[in-house]
Amino acid sequence: MSASAAIEVTNLKKSYRNGLFGKPFAALNGVTFRVNRGEIFGLLGPNGAGKTTLIKTVLGIIRRNGGDATLLGKPAGDRESRLRVGYLPENLRLSSHHTALTALEYYGRLSGLSASDIKANRMRLLESVGLNGRERESIKKFSKGMLQRLGLAQALMHDPELLILDEPTDGLDPVGRSHVRNVLHRLKDEGKTIFLNSHILQEVELVCDRVAIMDRGELRALGTVAEIAPQQSEGVEVNLSVTGDREAVSRALGDRSVTDWQTDGSHHRILMPMLDQAAVDQCVDSMRQHLISIVSLNPRRITLEDAFLKLLDPSNAATAATSGAAATASPVIASAANDTNDIAADAVEIIEDVEVIDEG
Amino acid sequence: MSKYLAVIKDSLREALASRVLWIVLILITLLLMLLAPLTYREDLTWRIRDDDVKDLPAFMNTIRDEADSLTPSPAKRIWSLLPAKHQGDLRELNITGRSDREQTQNPFEIMRVVSQFSRQLNKLLERRDFYDEAAFEDVQMLSNELRELRDEGVEELTESEVARFNRLLLEASFPDQIRTSPPTSIQLMYGWASFFEPIPLRGSNLREFVQTVAAWVMKWFIGAIGIVIAILVTAPIIPQMFDPGALHLLLSKPISRWLLFLSKFIGGCAFIMIGATYLIGGLWLILGSRFGVWDANILLSIPIYLFVFAIYYSVSSLIGIIWRSPIVCIALTIVFWLACFLIGLGKIEFESRIWNKTRLIDVVEAGDSLIVSNEMGVAQQWDDEARVWDPVFISQDQRDSRPVLLVMKTIPRAFRPVGPLYDAKHDRLLSATPMFPPTKMNFNVGERANDWEATTAITAPTGTLAMFPEENGDVVIAASLGLYRLVGDPSKKQEPAKAFGWTIPFSARSPFKSVSPEAPVLLTQPSMAAINPATHELALYTRATVTIVRKGDDGQYIVERTHTLDGEEQQPAVIGVGGSTLIVGRDDGRLQILDATTFEMHHEFQPEGPNQPRFIKASPDGRWFAIVFHNGNLWLYDAESQEFEKAAVAGQGDISVATFSSDNQLFVGDQTVRLSRYELPSLKLIRRYSPKLEWLARGYRYGVVPLYNIFPKPGELDKTFQYLLSGKETESGNRSDLSASQQTLDPWTPLWSSALFTLVMLVAACVYIEWQEF
C-alpha cells in the first residue's frame with residue numbers, strides 16, 4: 001500500500017447481525033478504493049448502501065470483519081491518525097448546554113488542542129462558517145443549518161489533514177450549501193484531503209475530483225465525474241426541432257429509434273438516442289435530403305444523476321453483467337492508475353474485485 | 001489526560017446549565033434557611049419525665065401510703081404539698097401498680113389522675129420550700145452535687161438550681177423508683193421558641209448526640225431521599241452520550257473509549273458533588289455556629305455520600321450503556337436500590353433481633369455440668385452426645401417476655417436476668433428474672449435433681465444487680481438498696497404466720513436477710529458489682545465510686561475502703577477484682593489497673609481506642625484478668641508479670657464472653673455459640689464446644705450471609721460515617737451501662753464490599769463499551 005494515500009481500503013468487509021441469533025447482513029462486501037491526498041473524494045450511494053459503515057470502519061468506530069483499511073498511512077482506528085482527521089457525522093447532535101464557543105472548546109480539547117490554541121482559532125473558524133456574532137448564543141437557538149456549520153467548524157478546529165464529512169449539506173438551504181461548497185474549495189486549495197459522503201449528487205458533481213458509487217455494500221463505480229457519466233450513457237440523446245410534413249419527417253427518420261415525438265402543426269419535437277456524432281450527421285443529412293427544415297438540434301448532457309440511476313437500476317445491472325465487467329470498470333482503472341506503477345498494480349486488484357462484484 | 005478533564009469539565013458545565021440542578025440548589029437553600037434558627041440551650045435537669053419514674057402508679061401508691069403517717073418522710077412531704085383536690089383524687093385511685101394488672105377503675109380516670117400527678121410533681125420541684133430538713137433527714141445524700149447544693153443553702157440558689165436540688169432530693173429519697181439524671185439537659189430551640197421536652201444529656205454527650213443525629217440524617221435524609229433524587233437527575237447523562245449523532249463524533253476523537261466512559265461517570269459524580277457539598281457544608285456550618293459542634297469529620301459525609309451515589313450510578317451507567325434509555329436506567333436502578341435496602345435490612349434485622357441474641361455472654365460451671373447463658377439470659381447446658389446447647393432453667397418470666405425481647409434490638413438492663421448462679425451447697429441454679437412488664441424481679445430456683453427446671457416462689461430484692469457465692473457457700477445478692485444474703489428456702493412462697501386462724505400482719509419472713517454495711521451502699525445506676533474470687537471481698541461501683549466491702553464476723557458486710565474515679569458522677573464503668581488487683585474499665589475505653597488495697601494506679605491502657613470494655617473477669621487465683629471489649633476483642637492481663645496482651649485465641653473480633661473455670665482455665669465464647677477452653681498461660685486449646693448448626697443458623701450462614709456479601713451495602717455506609725465520627729466500632733444504645741450489648745457498626749465491610757461491587761460494575765461497563773459496536 002502506498003504511504004501517500006489518505007484513505008485506502010482493500011477488500012473491506014463488514015457484516016451486522018440482527019440480534020444474537022439473527023442472520024448476518026453484509027454492510028460492506030469487499031470494497032476496495034483509495035483516496036489520494038489533496039483531492040475531494042465523493043462517496044455516493046442510496047440510503048443503506050454502506051457509506052456510513054465505511055466511514056465508521058475507517059475511523060475505527062466499528063471493527064471490520066475482513067480486508068484492510070488504512071487512514072493517513074496508519075491502520076484504521078489508530079489514535080494517532082484520528083488526531084489528524086476532522087469528522088462531521090451525519091445527523092450531528094451537540095449537547096444543548098453548549099454555545100458555539102464552548103462546543104468548539106470541548107471538541108477542540110478532545111482533538112488534543114491546548115486551551116490557548118483553541119482561543120486563537122475558534123473566532124476565525126466561526127467567521128469562516130458564517131457564525132460570527134452568534135458565538136455566545138445557546139445552540140438550542142441554532143437552526144439545523146447553523147448546527148451543521150458549527151459541526152464543520154469543530155471538524156476543522158485542529159487543522160486536520162483529512163476531513164471526513166458525512167452528508168455535510170444535509171438540511172442546508174441553497175445559500176448554506178453554497179457557503180459549504182466555498183469552504184470545501186478553499187480547503188482543497190489549502191491542500192486538505194476531503195472525503196465527502198453524500199446522496200445529493202449535484203453537490204458531489206460540483207465539488208468532487210473523484211467519485212465512488214456504492215450500492216448494497218459493494219462498489220459500483222469509481223472515477224472522475226466525467227469518466228463515470230458518459231460511460232453509463234452509451235452515446236448521446238438528441239433533442240431535434242424541425243418543421244415539415246409529418247410523412248416526410250417519418251421517412252427521413254427511417255428505422256431510427258425515437259424516445260419521444262411531439263407534433264404542433266408542422267412543427268415537430270423529437271427526442272432520440274444517437275450512438276455517436278456520425279449517427280447525428282447521418283440523421284441531419286437524411287432530414288435535409290427530405291427537405292425538412294431543422295430549427296434546432298441539442299445534444300442533452302448526461303449528468304452524474306443519470307449515471308447513478310442507471311448504475312443502480314437492477315435491469316441495468318443485468319446488462320452490465322452481460323456486457324462484461326471490464327468495460328464497466330475501465331474508467332476506474334483509468335482513474336486509479338493515474339501515474340505510478342504501484343497504483344496500476346492496485347488497479348488490477350480492483351478490476352478483479354469488480355469482476356467478482358459483477359459475477360455476483 | 002487533558003482530554004478526559006475536558007469531559008469532566010463539560011459534565012460540570014452541563015450540570016450548571018441544568019435546570020434540575022438549580023431547582024435542587026434552591027431547595028437545599030430553603031432547607032438550610034429553615035434549619036438555620038435551630039439551636040439549643042443547656043439547662044439544669046430537674047423535670048420528671050414519664051420514663052424517669054420506673055412505675056408511676058406504684059410511686060403514686062408510695063406517696064399515698066404515707067398520707068396518714070405522722071412521721072416526717074419524703075413521701076409525706078410530697079403528699080402534704082399536693083393540692084387538696086389532687087389528694088382526694090389520689091385517695092380514690094384504685095390501682096396498686098402496673099404489675100398487678102388489677103384496674104377496677106375507669107382507665108381514663110386513672111390516666112387523668114396519673115398525668116395530673118406528673119404535672120403536680122413537677123410543680124412541686126419548682127418550690128423553694130420543698131426541702132424540709134426533718135422530712136429528708138434519713139435520706140442518704142450520696143450525690144456530690146446534691147450535697148453541694150444543700151450546703152450552699154436553698155435560699156441562695158437560683159430558681160433552676162432549686163428545681164435541680166429538689167429533683168436530686170427525689171432521686172436520693174426513692175432510689176429504686178426514680179432514675180438518676182445527668183446534671184444538664186439539652187433544650188432544643190427554634191429561634192427563641194423551645195420545642196420538645198429537654199433531652200437529659202451530659203454536656204460531654206452533646207457531641208455524641210449530634211454525631212448520632214448526623215448519622216441518622218445521613219442515612220435517611222441524604223442517603224435515601226438524596227440518592228433517589230441523584231439517580232433521577234443523573235440517569236440521562238450516559239444514555240445521552242449514546243445518541244448516534246453525538247457518540248460517533250466522540251468516538252472519532254483520539255481518545256480511549258473506556259476512559260471516556262469513566263470521565264463521563266466521574267462527571268456525573270461531580271454533578272452530585274456540587275449539591276452534596278452545598279447541603280452538607282451548610283449543615284456543618286449550622287451545627288458549628290448554632291450548636292458549637294465544629295466537627296470537621298461531619299464533612300466526611302460528602303465523600304461517603306458520593307461513594308454511595310457512585311455505587312448506584314455505576315449500576316445506572318452499566319444499564320445506560322446497554323439499554324441507552326434514561327427511563328430503564330431509573331427503573332432498574334431503583335429496583336436495585338430496593339434490593340440492596342431489603343437485603344441489608346433483612347440481614348441486620350435478623351442479626352440484631354434474633355441471631356445476636358443467641359450470643360453466649362456467661363459461662364457457669366455447675367459441678368460437672370457446663371452451663372452458658374446468652375444475651376437473652378437463656379441458660380443452656382452442653383449436651384455432649386447431641387452436641388448442642390440444651391436450654392434449661394427457663395423461668396415463666398423469660399417465656400412471657402421472649403416475644404418482646406425479640407422485637408428489641410438491644411436488651412435494656414431492666415429486661416435482663418441476673419444469673420444463673422450455681423449454688424454448690426444445694427446443687428442448684430439461682431437466678432432473678434424481671435417480670436413482664438419489668439417492675440419487679442422474681443427469684444428462681446432450679447434443682448439438678450429436677451433437671452434444673454425453674455420454680456418461682458418469691459420475688460428478688462428490689463433492683464437485684466448481681467449474685468455471688470460467699471466463701472462458705474452462701475449466696476449474697478447485690479441490689480440497688482443494699483446487700484442481701486439468701487437465708488431461707490427460696491422455693492417456698494412467703495406465707496404470713498397465723499395464730500388462732502388469724503393472719504399476723506407483716507409476719508411473712510423474707511428468705512433474704514439484709515447484710516448491708518451500716519451505711520448501706522445504694523447501687524443506683526450506673527452501677528456494677530464484682531467479687532474477688534480470691535478474697536471474697538465485693539467491689540461495688542456506683543456514682544464514680546468504687547467501694548470494697550468484706551464480710552464481717554457477724555455476717556454483715558463492712559465497708560473496707562472507697563475510691564473515687566476521675567470524671568463525672570454519671571459515668572458508667574465496668575470493674576473486675578481478683579487477688580490484689582482491681583481493674584476499672586471506663587466509658588472512654590480506658591482500662592485502669594489499680595492496687596485493690598491502696599487504689600494506687602499501676603497502669604492505664606486504652607488498647608482498643610474508644611471502644612468500650614464490656615466484661616472484666618478475674619481468675620479464681622487472682623492472677624489472670626480477661627477483658628472483653630464491645631468490638632469483640634479479648635485482652636488478658638497477667639497480674640503476676642503485669643503484662644497486658646491481646647489474647648492469642650481464635651475468634652478475636654467476634655468474642656462475646658471470656659471467663660475462668662474453677663481450675664483457672666480460660667473459657668472463650670465466639671462465633672455466637674462456640675465455646676473454647678484454653679490452658680493458661682500457654683493458651684493451648686483444651687476443648688471446644690461447637691454445637692451443630694440448627695436450620696436457622698445454617699440458613700443464616702449459608703444463605704443470608706453469602707447473598708449479603710455479594711450485594712453492595714450502600715445503606716450501611718452511615719455506620720462507616722458514624723465510626724469515622726466516633727472512632728467506635730459499636731453503637732451504644734444504653735449510655736449508663738457498659739455491660740449492655742451494643743450494636744456492631746462493622747464500619748469497613750460496607751466500604752470494601754461496595755467498592756468491590758462498584759469496581760465490578762465499572763469494569764463490566766468499560767469492557768462493554770470497548771467491545772460493543774455503536
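**Exercise 1. Two helices of chain B**

Is the crossing of α13(B) and α18(B) left-handed or right-handed? Work out also how the two helices are oriented and which residues bring them together.

*Solution.* Bear in mind throughout that this is a predicted model. Begin with the axes: those of helix α13 (residues 301–323) of chain B and helix α18 (residues 749–771) of chain B come within 9 Å, and they cross at roughly 20°. Because angles under 35 degrees count as roughly parallel, α13(B) is roughly parallel to α18(B). Next comes the sense of the crossing, which for α13(B) and α18(B) is left-handed. Then turn to the side chains of the contact: α13(B) contributes residues including Ala310(B), Ile311(B), Val315(B) and Leu318(B), while those from α18(B) include Phe757(B), Met761(B), Leu762(B) and Tyr768(B). Finally, sorting the contact of α13(B) with α18(B) by class gives 13 nonpolar and 4 polar residues, with no charged residues.

**Exercise 2. A sheet in chain B**

Determine the order of the strands in the open sheet of 4 strands in chain B, and explain which strands stand at its edges.

*Solution.* The first step is to read the order, which is β31-β32-β33-β34 (chain B), with antiparallel pairing. The second step is to look for strands with a single partner strand: β31 (657–660) and β34 (685–689) of chain B each have just one, so they stand at the edges, and one side of each is left without a neighbour in the sheet. The third step concerns the twist, which averages 20° from one strand to the next. As a last step, examine one pair in detail: β31(B) and strand β32 (residues 666–670) of chain B are joined in the antiparallel sense over 4 bridges, and Thr659(B) stands opposite Phe667(B) in β32(B).

**Exercise 3. Where chain B touches chain A**

How many residues does the contact take from chain B and from chain A? Describe the side that belongs to chain B.

*Solution.* Counting each chain separately, the contact takes 20 residues from chain B and 21 residues from chain A. On the side of chain B that touches chain A, α1 (2–17) and α11 (244–252) of chain B each supply at least two residues. Divided by class, this side of chain B has 9 nonpolar, 4 polar and 7 charged residues.

**Exercise 4. Chain A as a whole**

Summarise the secondary structure of chain A, its burial and its contacts.

*Solution.* Start with the elements: chain A has 14 helices and 14 strands. Of its 360 residues, 42% count as buried. Among the contacts in chain A with a separation of 6 or more, 70% are accounted for by residues 24 or more positions apart.

Key: Residues are numbered from 1 along each chain as its sequence is written. Chains are lettered from A and ligands numbered from 1 in the order in which they are written. This is a predicted model: local features need pLDDT of at least 70, side-chain atom pairs count only at pLDDT 80 or more; totals for chains, interfaces and linings use all residues. Two residues are in contact if their C-beta atoms, placed from the backbone, lie within 7 Å. Ala, Val, Leu, Ile, Met, Phe, Trp, Tyr, Cys and Pro count as nonpolar, Asp, Glu, Lys and Arg as charged, and the others, Gly among them, as polar. Two strands pair if DSSP finds at least two bridges between them. Axes are lines fitted to C-alpha atoms, for helices over the stretch in contact, and angles run from 0 to 180 degrees between N-to-C directions. A residue is buried if 20 or more other C-beta atoms lie within 10 Å of its own, exposed if 12 or fewer, and partly exposed in between; C-beta atoms are placed from the backbone. Angles under 35 degrees count as roughly parallel, over 145 as roughly antiparallel, 65 to 115 as roughly perpendicular and the rest as oblique. A crossing is left-handed if the near helix is turned anticlockwise from the far one by less than a right angle, and right-handed if clockwise.
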